[in-house]
Amino acid sequence: MPIFINLSFAQTRLRTEINLDEFIQRVFPVQQENINYDDLYESLYQLYQNPLDLNVASAEELASIYVLSQLQINNILEHRQKNGDFLSIYELQAVPNFDVETINRLLPFVEVRYNFSINDLKNRLTNATEHYLVLRSDQVLEKSKGFEDGKYLGSPQRIYARYRLSHPKDFQVGFIIEKDAGEKNYLDYYTFHFQLRNKGHLKNLVLGDYQAQFGQGLICSAGFALGKGSEAIATTRRSNLGIRPYGSLLEGGYFRGAAATYQLGKIDLTAFYSYTKRDANVDEIDGEREDYFSSILTGGYHRTEAELARKNQISEQNIGVNATFQLKNGQIGATILNTQFDAILQRTPYLYNKFEFSGKHNLVVGTNFTYTWQNINFFGEAAHSSSGGVGAIGGFIASLSRQVEWAVNIRSYDKNFHSFYANAFGENSRTINEKGIYMGLKFTPMKGLIFSAFYDRFQFPWLKYLVDSPSIGFDYLLRMTYQPNKKMLFYTQYHEEHKGKNLPNNMTVSDVVVNTLRQSVLVNFEYSINRTFKSQTRVQMNTFRYASRSTSKGYVIMQDIEGSVKRLQLKGRIAFFSTDDYDSRIYAYENDVLYAVSLPAYYGKGFRTYLIARYGINRNLDLWVRFARTQLNNVTSIGSGTDQINAPHKSDLKAQVRYRF
């Protein structure tokens, strides 16, 4: 749903309305199951609600919004150095290589602020620019097997509440509580934070739950880490974002404690501490808890007795330090992270786990840099874990001209490199056991026409889950985008991926690794009929094939319509899909209520529809209702295990209210 950005104190301009769903679909038109879109959505929301001040924003911060080329970033910095502070947001028209289209894309992310004499926190609290409470409930209308058999202990409703009070670049207070369907405790999951920013030399202080991102993400990487996608250039590097509050529903991957960044001249010094309980598979012998656990669980489900038995089973303590030295055209940083468990992590003794982390204690030490020379930005990071493994990544992004951008990224992560909070660029979902080289290119021959492409070749030196030998692979993407005017947008995309994988149901004594081929073709057309009505038509086709076996095929045809009448906004979709099996499934991002993300996998044969209504009751109160339904053909059930529904359809009803104080 659209996010409305409030008025800045520094300007009388109303901020551009942003549709986060639309932004995500354009950056990731082909969705992947290994990306946490809840975290991505929250991170984008943070960027929109905390616009950069053009008069103080660094090159790192400008790069973090994924809108500008390296040439445009340099031009902003040079304009500011030559002419002094921006007096108005509209001064961007005087910056070289900034056309109206680029400025319109940038406006939601930036502002021009003047200096204030307001230092009293009480005054800031009464003038907060963001103060709201959100309540949400949703439920699958059909009963799943878990409820019918009495294995789920709680009610079928999923309950969610979110509160936030904040002032951009000043302070923020917030919490989220959630109960999944089938869970008994209404406070099964909660996250909270208090943040204070820009108080003298104290640049940032967070108490409660937070994430950290330094360098290229080899040691600490927050949720906003884009990888390979249709944006072939900007998303190949990470930005040094430091510490930031945590506001995702993913029940793992965050710190709980305190973190602070203090400025000492040209050095930003960050220290952080965390202590929290984690869900885990703990080994037991004769009913007695052993001092071992085989894995940390982040699914967050506590619906059954078995799932509850895994909740908060181990303690995890983290202590970390980062120092970043600011250069004229870049920065150099160093990071240390020490992780301690109260039990021994010992993986299940499969061969592919031979080099996985084992023990109670892990120390990761690394250094990173970024430097800009003319219109080329160089970046890199290297880290060493206590197991002896090394991770390293480096590359550059270059604006060769106004029309051409080029990116290169080289990575090497040892099979025994262990970094629990890493999320560096790569093919794997974890930063381990991988080597690769990525090249991206973007060409803009004329206004409104963009060609982009990437090629990535990767190697896995050791075995992986369902890959019982070292393997290699590659993938590439070709994309064309054409937007002749504000009303019309057309893009088409082709993606092909080659990877090794165990051949299922083979007749040999041991598993055989064969090459697999996955192909995806996407065609999308959007047309804005007027300011209030918009149509989007999308066709996507997938194929998947194991070597020497027949090809699994699938396709989906989607039609989206959105419009508004006075205070009522409507968005809907009808989709017809047909896939041979789960291998040719198609992930499709769906519009949802504010702060929610929907990414179902379409497989089998049938229809998928949804309708969202948003109604602004008054200036303070908004209401959302969403109904979605999947109808399959020629089957008698949907899902598996305790989530199985003994019917060929699945319906979801969701209601949400937001009150802005």
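**Charged pairs in a strand-rich chain**

Okay, let's start with one pair: Glu356 and Arg347 form a salt bridge through their side chains, at 4.0 Å from N to O. Keep in mind that this is a predicted model. Is Glu356 buried or exposed? Glu356 counts as buried, because its relative accessibility is 16% and the cut-off for buried is under 20%. Its partner Arg347 comes out at 27%, so Arg347 is partly exposed.

Let me step back for the overall picture. We have 661 residues in the protein chain, and 51% of them are buried. By secondary structure, the chain has 8 helices and 32 strands. If you take the contacts with a separation of 6 or more, 60% are between residues 24 or more positions apart. The chain exposes about 29600 Å², with 57% of that coming from carbon and sulfur atoms.

Now back to the charges. How many salt bridges does the structure hold? There are 29, and I'll pick out a couple more.

Next up is Asp456 with Arg411, a salt bridge whose closest N and O atoms sit 2.9 Å apart. This pair links distant parts of the chain: Asp456 is in strand E21, residues 449-460, while Arg411 is in strand E19, residues 404-413, and the two are 45 residues apart. Asp456 has 0% relative accessibility, so it counts as buried. Arg411 has 2%, so that side of the pair is buried as well.

And those two have company. Which residues are linked with them in a network of salt bridges? The full set is Lys228, Arg411, Glu427, Glu434, Asp456, Asp475 and Lys499. If you have the model open, that's a nice group to display together.

Another pair to look at is Arg573 and Asp560, whose side chains meet in a salt bridge at 2.8 Å, N to O. Arg573 belongs to strand E27, residues 568-579, and Asp560 to strand E26, residues 552-565, so this bridge ties together parts that are 13 residues apart in sequence. Both Arg573 and Asp560 are buried.

So what about an arginine without a bridge? Have a look at Arg538, in strand E25, which covers residues 534-546. Arg538 is buried yet has no salt bridge. Which side chain of opposite charge is nearest to Arg538? That would be Glu526, and it is 7.3 Å away, whereas a salt bridge needs the atoms within 4 Å. What Arg538 does have is a polar contact, side chain to side chain, with Gln540 at 3.3 Å.

Last one: Arg629, which is in strand E31, residues 621-632. Here too there is a side-chain polar contact with a glutamine, this time Gln631, at 3.2 Å. Arg629 has a relative accessibility of 27%, so it counts as partly exposed. Leaving out residues up to four places away in sequence, Arg629 touches Glu142, Phe607, Arg608, Thr609, His649, Lys650 and Ser651. Take His649 from that list: how far from Arg629 is it in sequence and in space? The answer is 20 residues along the sequence and 7.1 Å in space, going C-alpha to C-alpha.

To wrap up, I'd keep two pictures in mind. One is Asp456 and Arg411, joined by a salt bridge and part of a network of salt bridges. The other is Arg538, buried with no salt bridge but in polar contact with Gln540. That's it from me.

Conventions: Residues are numbered from 1 along each chain as its sequence is written. This is a predicted model: local features need pLDDT of at least 70, side-chain atom pairs count only at pLDDT 80 or more; totals for chains, interfaces and linings use all residues. Side-chain values use heavy atoms; hydrogens and water are left out. Helices (H or I, at least four residues) and strands (E, at least two) are DSSP runs, numbered from the N terminus. Buried means under 20% relative accessible area, exposed over 50%, partly exposed in between (1.4 Å probe, protein chains only). Lys and Arg count as positive and Asp and Glu as negative; His and the chain ends are not counted. A polar contact is a pair of N or O atoms within 3.5 Å; within protein, one must be able to donate a hydrogen and the other to accept it, and residues adjacent in sequence count only if both atoms are side-chain atoms. Contact means heavy atoms within 4.5 Å. Accessible areas come from the Shrake-Rupley method with a 1.4 Å probe; for residues, only the protein chains shown count as cover.
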